[in-house]
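Biologist: I am new to this structure, and I would like to hear how each label in its description is earned.

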Amino acid sequence: MAITKEQQAEIEAQRGQSNTTMRPTVPAMEERLYKAHEVLDHGLVRVIDYMGDDSAIVQAARVSYGEGTKHVQNDRGLIRYLMRHWHSTPFEMCELKLHVKLPVFVARQWIRHRTANVNEYSARYSILDREFYIPQPEQLAAQSSINNQGRGALLQGEEAARVLEILKSDAGRSFDHYEDMLSQDGQDGLARELARMNLPMNTYTQWYWKVDLHNLLHFLRLRADSHAQYEIRVYADIICDIVKDWAPLAYEAFEDYRLGAGQFSKQGMDALRKMVKGEKVTAEDVGMSAGEWREFEASLKG
């Protein structure tokens, strides 16, 4: 369970507050504010604040005084044009601030997206909760034999049970030692900044993450992809739903031109042109390696 009763009470108190503003708001986002969307076994995503919407993108592109045009269809066409032609700066006019609770190993993938403002919970000043990510059995898979970054067949039976037990026992034992080092027989224990260093990568951390819409969509293009690691993809899927509420026209264009689209190399385009003409094409014909050809075929199959 990701949310305690105390945390839920705090969320309800935040949602009970009301403020007046002259800036544009999005009703669907107002409804989402502060609510916790649970992820994995102890994780969560919450909208803390947002700025801008579809009209802000249009306004920035036209540098106009108003909120875009009077016709949604015109705004939709412009947003799709901007997305289609990789005009990014109008999308940077919108910003989103999230509270995210996630396993450390997921956070280390996430932080590679360096175009955001991040403030993480500090285990130098505070004591971490005894919370670890333990995968569900259907997520326990062997290493892929063809993809160094991916998973292969699911572990079964005794092997799956053995791995789960190792994950649980190692995490529990490490946290026992963490707590023991912090406090020893009523005396001052080891400094928090040192005691944390042997905690496992599946320990939960949390942060506030603020990002503009352009860079958020780049994050989602990579992390909501079916090839992304499951443990970060489930967070990206929830954020996709949030963006769909926040800027529906921009998200629709993103789905059409980024998330659901493909990108082809020069050799890939040569192969496609030959296929359209009805010609039979091989990797050698267009100068692709076996790996490139495999990825090209996979992109055509969807």
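Biologist: Which residue stands opposite R46 in β2?

Modeller: A36 stands opposite R46 in β2. This is a predicted model, in which local features need pLDDT of at least 70 and side-chain atom pairs pLDDT 80 or more, while totals for chains, interfaces and linings use all residues. Residues are numbered from 1 along each chain as its sequence is written, and side-chain values use heavy atoms, leaving out hydrogens and water.

Biologist: What makes β1 and β2 a pair of strands?

Modeller: Pairing requires that DSSP finds at least two bridges between two strands, and β1 (residues 36-39) and β2 (residues 43-51) have four bridges in the antiparallel sense, so they count as paired. Strands here are DSSP runs of E with at least two residues, and helices are runs of H or I with at least four, numbered from the N terminus.

Biologist: Why is W110 called buried and M197 exposed?

Modeller: Buried means under 20% relative accessible area, exposed over 50%, and partly exposed in between, using a 1.4 Å probe and protein chains only. W110 has 0%, so it is buried, whereas M197 has 66% and therefore counts as exposed.

Biologist: Why is the aromatic pair of W110 and W207 called edge-to-face?

Modeller: Rings of Phe, Tyr and Trp (its six-membered ring) pair if their centres lie within 6.5 Å, and planes under 30 degrees apart count as stacked, over 60 as edge-to-face and the rest as tilted. W110 and W207 are 6.0 Å apart centre to centre with 75° between the planes, so the pair is edge-to-face.
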